[in-house]
Amino acid sequence: MKTLNKYSSALLGAAASIGMVQAASISVNFIGGDGGNGTIDSAASTGRSGFEATNWNNVGSELGTQNDLTDSAGLTTTADVTWNSTNVWGDGTANTDAAGGDPAAQLIRGYLDDGDTGGGTGVTFDVTNITYAQYSVVLYFSTDTEGGSYRTATVNGNTYDTTGTKSVWSNNPTFDDTNTMVITNLSGDLDVDLLTRNGGDRASISGFQIIDTTAIPEPSSTALLGLGAVAFILRRRK
């Protein structure tokens, strides 16, 4: 009977843990003009509430490519990002918190600046070779000036907007609808275009996340599978 209890406990525990697995994600931090304090440590977790993740990919310079991005579990993926802007800059009001090790402030500290790169586009980036069948994207914006708003983002051909008035980190040290966008039900490659600045309206972006939302069995379903396996073993061992 002790042997049977051992198998039962192990299988039930496995079934429960399967249902609790957190979705994989790929997170990229544009360190930009970060003053040397905008790099997020691999063990640090940050992001908008509900989307926090570790193992952020820190990328620098105003344009470039980084291949084989790391996911939130620290595993190498096939995803590649290419980005283009005319400049990098940073929110100096986030520097003290960033230097103190606050990963949220480190994410905000530097950004791709939104000068005109031609064709009316301020910042662009593309992510190819995404293996998630379906995913959501979180865009993170940053600024060095108060007032105005963040400009429209075109994501895979559709346009999206933030809400409210943009603010520097010291006046709004959080992630909310004023400085982030959450776009759902995406698939294939990711293409993001941000319009060039228009007065106080900006398109300066500090990072993004791709979150795997591919359907997985519900916890109740996996638990039933585990119970079925337990019942089968018990029957076989009688």
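These legends describe close-up views of one predicted model.

Residues are numbered from 1 along each chain as its sequence is written, and side-chain values use heavy atoms, with hydrogens and water left out. In this predicted model, local features need pLDDT of at least 70 and side-chain atom pairs count only at pLDDT 80 or more, while totals for chains, interfaces and linings use all residues.

**View 1. The whole chain.**
The secondary structure comes to 4 helices and 13 strands. Helices (H or I, at least four residues) and strands (E, at least two) are DSSP runs, numbered from the N terminus. The chain has 238 residues, and buried residues make up 42% of them. Buried means under 20% relative accessible area, exposed means over 50%, and partly exposed lies in between (1.4 Å probe, protein chains only). About 11,300 Å² of the chain is exposed, and carbon and sulfur atoms supply 51% of that area. Accessible areas come from the Shrake-Rupley method with a 1.4 Å probe; for residues, only the protein chains shown count as cover. Take the contacts in the chain with a separation of 6 or more: residues 24 or more positions apart account for 73% of them. Contact means heavy atoms within 4.5 Å.

**View 2. A stacked pair, Phe 125 and Phe 208.**
A search of the whole structure finds 8 aromatic pairs. In Phe 125 and Phe 208, the ring centres are 4.4 Å apart and the planes are at 15 degrees, so this pair is stacked. Phe 125 lies in strand E7 and Phe 208 in strand E13 (residues 205-212), so the pair ties together parts that are 83 residues apart in sequence. Phe 125 is buried, at 0% relative accessibility. Phe 208 is buried too, at 0%. Ring pairs also link Phe 30, Trp 83, Phe 125 and Phe 208 into a cluster. Rings of Phe, Tyr and Trp (its six-membered ring) pair if their centres lie within 6.5 Å; planes under 30 degrees apart count as stacked, over 60 as edge-to-face and the rest as tilted.

**View 3. The rings of Phe 141 and Tyr 150.**
These ring centres are 5.1 Å apart and the planes are at 25 degrees, so the pair is stacked. Phe 141 is buried, with a relative accessible area of 0%. Tyr 150 is buried, with 4%. Phe 141 and Tyr 150 are also among the residues that line the largest cavity.

**View 4. The largest cavity.**
The search of the whole structure finds 1 cavity of 30 Å³ or more. About 40 Å³ of space lies in the largest cavity. Its lining includes Asp 91, Ile 108, Ser 167, Trp 169 and Asn 179. The lining residues divide into 5 nonpolar, 5 polar and 1 charged. Ala, Val, Leu, Ile, Met, Phe, Trp, Tyr, Cys and Pro count as nonpolar, Asp, Glu, Lys and Arg as charged, and the others, Gly among them, as polar. On a 1 Å grid over the protein atoms alone, a cavity is a set of points where a 1.4 Å probe fits but cannot get out; lining residues have an atom within 4 Å of a point. Grid points are joined across faces, edges and corners, and a volume is the space filled by probe spheres set on the points.

**View 5. Tyr 132 in its loop.**
Tyr 132 sits in the loop between strand E7 (121-128) and strand E8 (135-141). The residue is buried, with a relative accessible area of 10%. Leaving out residues up to four places away in sequence, Tyr 132 touches Ala 24, Ser 25, Ile 26, Asp 71, Ile 210, Ile 211, Asp 212 and Thr 214. Tyr 132 and Ser 25 are 107 residues apart in sequence, and their C-alpha atoms are 9.3 Å apart in space.

**View 6. Two loop residues with positive phi, Asp 68 and Asn 156.**
Most residues other than glycine have a negative phi. Asp 68 has a phi near 50 degrees, a positive value. This residue lies in the loop between strand E3 (63-66) and strand E4 (80-84). Asp 68 is partly exposed, at 44%. For Asn 156, phi is near 50 degrees, also positive. Asn 156 lies in the loop between strand E9 (153-155) and E10. Asn 156 is partly exposed, at 29% relative accessibility.

**View 7. Thr 196 beside a loop partner.**
Thr 196 is found in the loop between strand E12 (190-195) and E13. Thr 196 is buried, with a relative accessible area of 16%. The C-alpha atoms of Thr 196 and Asp 114 are separated by 5.3 Å, though the two are 82 residues apart along the chain.

How values were computed: 1 Å grid on protein atoms, 1.4 Å probe; cavity = no way out; pocket = protein on both sides within 12 Å on 5 of 7 lines; lining within 4 Å.
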